[in-house]
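Let's take a friendly walk through a protein chain, one part at a time. Keep the picture at hand and look for each part as we come to it.

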Amino acid sequence: MPRIYLSVPHMGGNEERYVGEAFASNWLSTVGPNLEAFERAFADRLGRPAVALGSGTAAMHLGLRLLGVGPGDEVLVSDLTFVASVNPIRYLGATPAFVDSDPETWMMSPALLAEALEERARRGQRPKAVVVVHLYGQCADLDPILAACRRHDVPVLEDAAEALGATYKGRPAGAFGAVAAFSFNGNKIITTTGGGMLVAERQEQVDRARFWSTQAREPGLAYSHLDMGYNYRLSNVLAGIGRGQLEVLEERVRQRRAVAFRYRDGFADLPGLTLMPQAPYGLHTNWLSCFLVDRAALGVSRDQLIAALAAEDVEARPVWKPMHLQPLYRDCACSGGAVSAGLFERGICLPSSSSLSEADQERVIRIIRAAAGRAKGR
Ligand SMILES: *Cc1c(COP(=O)(O)O)cnc(C)c1O
């Protein structure tokens, strides 16, 4: 039996043609038609200008810099997330402070965020930015989050690395904050093998980020530099993969959702195994199919499930380990933390590739049902 992975790349068909065009025309660097077309298609989808970068982490880094984050600043950020939401805050010499999840959505709690902002305002402090993470394919509850940030005049960066294709009240993830970051890492809903996209409200912000991403070279022949840049631009070859992938995004969203709902149906009669919340305010892509394990009800723990799957060569993972539990960020402030800690303790991410066959998914479901002592009845 071949190994079943958590989330693998899934090409659409046109990627090789666009990559071939890059080779045929010798646009094999960080300039070229694939980059322009990829950015244009992405910008059309988001309704905002976009710049293609080497990673989602690079997009976070440049996005925070666009918001003026620097040494001594504080940035509020979702506690339950992948570490790449937070490291770029430190790259800029600023200090992250974490905000716990709302158990109804798993996303940043709007109430705790408002409280954290008010508490700081009373001390005469104001965070430089708020990073709100859209987890596992679903948007955070943006309206109250944006309202609280507006009240305190704090800009929002959306970490939409996991949420390309998701919507909030009919608009796409990434179209709400001052800036937003996306990832095309190999495990995301679409991939360029590695890559990212930064979108912003204003064209000049995106132009600035593009300038920084190519070493901040001043115009002219001499190598003059007024500003410090980075080598963060995506290559025209990889942008060709991105073009092809973006063409099949809608299909990938449908497939990922179908995987999640097949699991849900497959476990419908099992007490204590529940799909992560599907908030009514938008479309959840279910980039990963995440479930909460109630050990007492299911009769088996989250870690026992992961072990049972591993024994059959199936990859499953815990939900993200919250930032306040990371030794790297032990010294940072955190509003709450019990909700994200509980989600980490009980949450499991199951194989969720858009290419996952129904037969392979049946295998996963069978292993879990057997581990829970419910093999019969199917
Ligand atoms: C994947 C991911 C990133 C980083 O993206 P890369 O392209 O891997 O650098 C950032 N934030 C979150 C929440 C992610 O899941």
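Our starting point is Met107, which is buried, with a relative accessible area of 0%. Keep in mind that this is a predicted model. To find Met107, look at the loop between strand E3 (95-99) and helix H5 (110-122). Which residues does Met107 touch, once its neighbours within four places in sequence are left aside? Some have numbers a little below its own, namely Asp100, Ser101 and Asp102. Others come from further along the chain: Val133, His134, Leu135, Gln138, Cys139 and Ala140, together with Met276 and Tyr281. You can also trace the line from Met107 to Leu142: these two are 35 residues apart along the chain, and their C-alpha atoms are separated by 9.9 Å.

Next, turn to strand E8 (residues 179-183). Is this strand enclosed or open? Five of its five residues are buried, so E8 is largely enclosed by the rest of the structure. The side chains are worth following one by one. Val179, Ala181 and Ser183 point one way from E8, while Ala180 and Phe182 point the other way, and all are buried.

E8 also has partner strands. Strand E5 (residues 156-159) runs parallel to E8, and three bridges join the two. There you can find Asp159 standing opposite Ala181 of E8. With strand E9 (residues 196-200), E8 pairs in the antiparallel sense, over five bridges. In that pairing, Ser183 has Gly196 of E9 as its bridge partner.

Now for a helix. In H1 (residues 15-25), the residues Glu15, Tyr18, Val19 and Ala22 are buried. They cover an arc of only 100° around the axis, which puts them on the same side of H1. Why can residues that are not next to each other in sequence share a side? An α-helix has 3.6 residues a turn, so residues three or four places apart point the same way. What do the buried residues of H1 pack against? Their partners are helix H2 (33-46) and helix H8 (236-247). The face turned away from the buried side carries the exposed residues Glu16 and Ala24. Just after H1 comes Asn26, which takes a positive phi of about 65°.

Further along the chain there is another sheet to explore. Four strands form an open sheet in the order E10-E11-E14-E12, with antiparallel pairing. Strand E10 (273-275) and strand E12 (317-318) are the edge strands, each pairing on one side only. Look at E12 and its partner, strand E14 (residues 347-350): they run antiparallel and are joined by two bridges. Here Pro318 stands opposite Ile348 of E14. Helix H9 (residues 249-266) lies across E10, strand E11 (289-293) and E14, and runs at about 30° to E11.

Finally, step back to view the chain as a whole. The domain assignment divides the chain into domain 1 (15-248) and domain 2 (250-375). Taken over C-alpha atoms, the centres of the two domains are separated by 26 Å. How many residues of each domain are in contact with the other? On one side there are 44 residues of domain 1, and on the other 38 residues of domain 2. Between the domains, about 3,700 Å² of area is buried, and carbon and sulfur atoms give 61% of that area.

Methods: Residues numbered from 1 in each chain as written. Predicted model: local features only at pLDDT ≥ 70, side-chain atom pairs only at ≥ 80, totals over all residues. Heavy atoms only, no water. Pairing = 2+ DSSP bridges. Contact = heavy atoms within 4.5 Å. Axes fitted to C-alpha atoms, helices over the stretch in contact; angles between N-to-C directions. Buried < 20%, exposed > 50% of the residue type's maximum accessible area, 1.4 Å probe, protein only. Arc of directions from axis to C-beta. Domains from an automatic or database assignment. Buried area = accessible area lost by both parts, 1.4 Å probe.
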